[in-house]
Amino acid sequence: MARQISVLKLGYFPLPEKEANRIRQCLHLAREASVLDPCAGRGAALRTITDGAEARRYGIELDACRAAEAKQMLDAVIHGSVFETHCPVESFSLIYLNPPYQHEIGEGRNERMERVFLEHTYRWLKPGGALVLVVPFDRVSDCRGVLTPHFRDKAIYRLTEPESVTYKQVVVFGVRRSRQERDKLTDFAIEQANRKLYELTRCYEEIPVLPDSSHRIFTVPASAPVKLEYRGLPLDLIEDLLVSSPAWLQAQRVTHAPRTEVSGQPLTALHKGHVGLLCTSSLLNGRFGQGKELHLSFWESVKVVDKVEEEGDTPGAMVIRERERFSQRLTLLYSDGRFALLSEKADPKEGGDAKRAPQDGDADVCEANA
């Protein structure tokens, strides 16, 4: 359920304000620093973790409504995808990254979004700049390909607010290495650092809690103003023009076809055959009955397979023939929570996958608490 909600919200789960205030205590920002939130949301998190500093705050947000709110909190906001935003490398003093917690969906191999966002944005951080990464604890190891060679002085803390505990979030602090520092790293040192990163995040309960006042401070260096350039499609304009697009007018006949509705009083009484045709055409779905028998009905077509065993040409050989056909299934939901399913059932004696329901219906009735 949490994953479905995440998809509907474009992976947006804001950082609790109390956690943002604790992160703020771990940072010392220089004057004239440029800071970025690539998943800005409403901009509140970046505003809080840089509160009181003379910083230029930048944000990127995909959702139009949240981007509009972020513009009231931050100095400059790009409405669009971070992957279609151009930024000069090594420009920002601080990057706060709280990416979507899900897998990317593409034609190639699908990777975790936490790693994809980090790989794309860490280059925008200048050497000596600070990274603040908020992810589930078991995803830190997935990001080791970036964290180990490109960041030093790392620290990992567990977040304790109820919203953060739901996703077992941790915050990772790190300082970006310079090119000279990266060149001095040996394969053995990288292997040891990866192992230590794994050990630190192996058990969620053993990760130290982010304190209200930290003894460890990460210095955020100064940086010049940054120019972000969005090179993607204009999402707002496309959405406004979509309703009048010829392609959409053609496609909506299939994707948004109106439901068939029938109303009125028949001229003569309906026969059983008429009722059967209306039911199997889903034209009698709705509310029926009174009292304990008050229920909603829903008819649908399902595919069943009839199997017939025959003797083969050789003695003792059996040939199984299958025939597909469509059948009907009726679901009833009663006002007291019970539901019944009327459909065809397998008949092992006849060797088939399904048999026709009796005249009064073959129903599986489940209790309200089932």
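Visitor: Which side chain meets Arg-112 in a salt bridge?

Guide: This is a predicted model. Both partners of the pair are buried. The N to O distance is 2.8 Å. The side chain that meets Arg-112 is that of Glu-114.

Visitor: How many salt bridges does the structure hold?

Guide: Side chains of opposite charge can pair when their charged atoms come close. One such pair here is Arg-112 with Glu-114. Another is Arg-66 with Glu-61. The total for the structure is 22.

Visitor: How far apart are the closest N and O atoms of Arg-66 and Glu-61?

Guide: Arg-66 is buried, and Glu-61 is buried too. The two form a salt bridge. Their closest N and O atoms lie apart by 3.4 Å.

Visitor: Is Asp-142 buried or partly exposed?

Guide: Asp-142 meets Arg-139 in a salt bridge, at 3.1 Å from N to O. Buried would require under 20% relative accessible area. Asp-142 has 27%, and Arg-139 has 23%. So Asp-142 counts as partly exposed.

Visitor: Which residues are linked with Glu-19 in a network of salt bridges?

Guide: This network joins side chains of opposite charge. Besides Glu-19, its members are Arg-22, Glu-161 and Asp-212.

Visitor: In what order do the seven strands of the open sheet stand?

Guide: The pairing in this sheet is mixed. E6 and E7 pair in the parallel sense. E7 and E9 pair in the antiparallel sense. The order is E4-E3-E2-E6-E7-E9-E8.

Visitor: Which strands stand at the edges of that sheet?

Guide: An edge strand here has a single partner strand, so one of its sides is left without a neighbour in the sheet. Neighbouring strands of the sheet are turned against each other by 15 degrees on average, direction ignored. The edge strands are E4 (76-79) and E8 (151-158).

Visitor: Over how many bridges do E8 and E9 pair?

Guide: E8 and E9 pair in the antiparallel sense. In this pairing Ile-156 stands opposite Val-172 in E9. The number of bridges is six.

Visitor: Which strands does helix H4 touch?

Guide: Helix H4 spans residues 64-73 and packs on the sheet. Its direction makes about 170 degrees with that of E4. The strands touched are E3 (55-61) and E4.

Visitor: What angle does the direction of helix H5 make with that of E7?

Guide: Helix H5 covers residues 113-121. H5 packs on the sheet, touching E6 and E7. Its direction and that of E7 make an angle of about 170 degrees.

Visitor: What covers the buried residues of H5?

Guide: The buried residues of H5 are Met-113, Glu-114, Val-116, Phe-117, Leu-118 and Thr-121. Glu-114 is also the salt-bridge partner of Arg-112. The cover over these buried residues includes E6, E7 and helix H6 (144-150).

Visitor: How many of the 12 residues of strand E7 are buried?

Guide: E7 runs over residues 125-136. The strand pairs with E6 (residues 92-97) over five bridges, and with E9 (residues 169-176) over seven bridges. E7 is mostly covered, with a buried count of nine.

Visitor: Which residue in E7 does Phe-92 stand opposite?

Guide: E6 includes residues 92-97 and pairs with E7 in the parallel sense. On the E9 side, Val-135 stands opposite Val-170. For Phe-92, the residue opposite is Leu-125.

Visitor: Is Gln-169 buried or exposed?

Guide: Gln-169 has its place in strand E9. Its contacts beyond four places in sequence include Asn-98, Tyr-101, Val-134, Val-135 and Tyr-204. The relative accessible area is 3%, so Gln-169 is buried.

Visitor: How many disulfides does the count give?

Guide: A disulfide needs two cysteine sulfur atoms within 2.5 Å. Among the cysteines, Cys-26 is buried at 0% relative accessibility. Cys-203 is partly exposed at 26%. The disulfide count is zero.

Visitor: What percentage of the residues of the protein chain count as buried?

Guide: The chain has 12 helices and 18 strands. Its accessible surface comes to about 22600 Å², with 53% belonging to carbon and sulfur atoms. Of the 370 residues, the buried part is 38%.

Terms used. Residues are numbered from 1 along each chain as its sequence is written. This is a predicted model: local features need pLDDT of at least 70, side-chain atom pairs count only at pLDDT 80 or more; totals for chains, interfaces and linings use all residues. Side-chain values use heavy atoms; hydrogens and water are left out. Buried means under 20% relative accessible area, exposed over 50%, partly exposed in between (1.4 Å probe, protein chains only). Helices (H or I, at least four residues) and strands (E, at least two) are DSSP runs, numbered from the N terminus. Two strands pair if DSSP finds at least two bridges between them. Contact means heavy atoms within 4.5 Å. Accessible areas come from the Shrake-Rupley method with a 1.4 Å probe; for residues, only the protein chains shown count as cover. Axes are lines fitted to C-alpha atoms, for helices over the stretch in contact, and angles run from 0 to 180 degrees between N-to-C directions. A salt bridge is a side-chain nitrogen of Lys or Arg within 4 Å of a carboxyl oxygen of Asp or Glu.
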